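Reader: Please take me through one part of this model closely. I would like to see the sheet and what packs on it.

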Amino acid sequence: MIRDYETPTVPTEWQTYARSWADRLGLGDRQIVLSCSPDRYGIAVVLRLLGPDGQEYVFTRRSSEADDAAERRQAFLTALREGSYQTVEIDVAGYYVSEGTVPCSICTAGPSHAEWQHVILRELLRVADPPPEPADALTPEEADDAELAALDRQVAHLLSQPAQA
Ligand SMILES: [Zn+2]
């Protein structure tokens, strides 16, 4: 791919942040890659697990309307459970590289941090410490919302801890 100098890339600071949290969360033996999709609009970050032979497992919401959403979601969960991936890739949309620098509006308390830090840590938690499956009675949308809320609480908790050396 040819990129000119105006093409957004993920700042080094984001990479360093993701690596250090991955280590703290027990993902020290996995590669952490932050890539950038300059032309994607909509979803700010896409989470993928990459297998040793280049297989891609894309995190897929329960409520996704993609034709193969159920298969994709199952493949992701299987790769996660079996640990059959070497690399965790967080693919950041180009527009979000600048939009993510605002103060976090997801957390209502605790020390201030940039929103991108919250978003990156949330994706790492999906891999390192995924919330339990919500109860069956929920619709797919409700289950997605419940999972997101659980992850956001965990992120807020982690970010309110004193920094470790
Ligand atoms: Zn936050």
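Author: Start with the sheet. In this predicted model, 4 strands form an open sheet in the order 1-4-2-3, with mixed pairing. Strand 1 and strand 3 (56–58) stand at the edges, and each has a single partner strand, so one side of each lacks a neighbour in the sheet. Neighbouring strands are turned by 25° against each other on average, direction ignored. Two strands pair here if DSSP finds at least two bridges between them. Helices (H or I, at least four residues) and strands (E, at least two) are DSSP runs, numbered from the N terminus.

Two ground rules apply. Residues are numbered from 1 along each chain as its sequence is written. Local features need pLDDT of at least 70, side-chain atom pairs count only at pLDDT 80 or more, and totals for chains, interfaces and linings use all residues.

Now the pairings, strand by strand. Strand 1 (residues 31–37) and strand 4 (residues 87–93) run parallel, joined by 7 bridges. Ser35 has Asp91 of strand 4 as its bridge partner. On to strand 2 (residues 45–50), which runs antiparallel to strand 4 with 6 bridges between them. There, Arg48 stands opposite Glu89 in strand 4. Strand 2 also pairs with strand 3, again antiparallel, through 3 bridges. In that pairing Arg48 stands opposite Val58 of strand 3, and Leu49 faces Tyr57 of strand 3. Arg48 thus has a partner in strand 4 and another in strand 3. The hairpin of strand 2 and strand 3 has 5 residues between the strands, and Gly54 takes a positive phi near 85° there.

Next, the helices that lie across the sheet. Helix 1 (residues 12–24) lies across strand 1 and strand 4, running at about 150° to strand 1. Helix 4 (residues 115–128) lies across strand 2 and strand 4, at about 35° to strand 2. Axes are lines fitted to C-alpha atoms, for helices over the stretch in contact, and angles run from 0 to 180 degrees between N-to-C directions.

These two helices also meet each other. Helix 1 and helix 4 pack at an angle of about 40°, with axes 10 Å apart. That angle makes helix 1 oblique to helix 4. (Under 35 degrees counts as roughly parallel, over 145 as roughly antiparallel, 65 to 115 as roughly perpendicular, the rest as oblique.) The crossing is right-handed; in that term the near helix is turned clockwise from the far one by less than a right angle, and anticlockwise is left-handed. From helix 1, Trp14, Tyr17, Ala18, Trp21 and Ala22 meet Trp116, Gln117, Ile120, Leu121 and Leu124 of helix 4. Contact means C-beta atoms, placed from the backbone, within 7 Å. By class, the contact of helix 1 with helix 4 holds 9 nonpolar, 1 polar and no charged residues. (Ala, Val, Leu, Ile, Met, Phe, Trp, Tyr, Cys and Pro count as nonpolar; Asp, Glu, Lys and Arg as charged; the others, Gly among them, as polar.)

Helix 4 has another neighbour. Its axis and that of helix 5 (residues 140–159) come within 9 Å and cross at roughly 115°. This crossing is right-handed too. His118, Leu121, Arg122, Leu125 and Arg126 of helix 4 meet Leu151, Asp152, Gln154, Val155 and Leu158 of helix 5. This contact has 5 nonpolar, 2 polar and 3 charged residues. Leu121 belongs to the contact with helix 1 and to the contact with helix 5.

Last, the setting. The protein has 5 helices and 4 strands. From the N terminus, its elements run α-β-β-β-α-β-α-α-α.

Key:
Contact = placed C-beta atoms within 7 Å.
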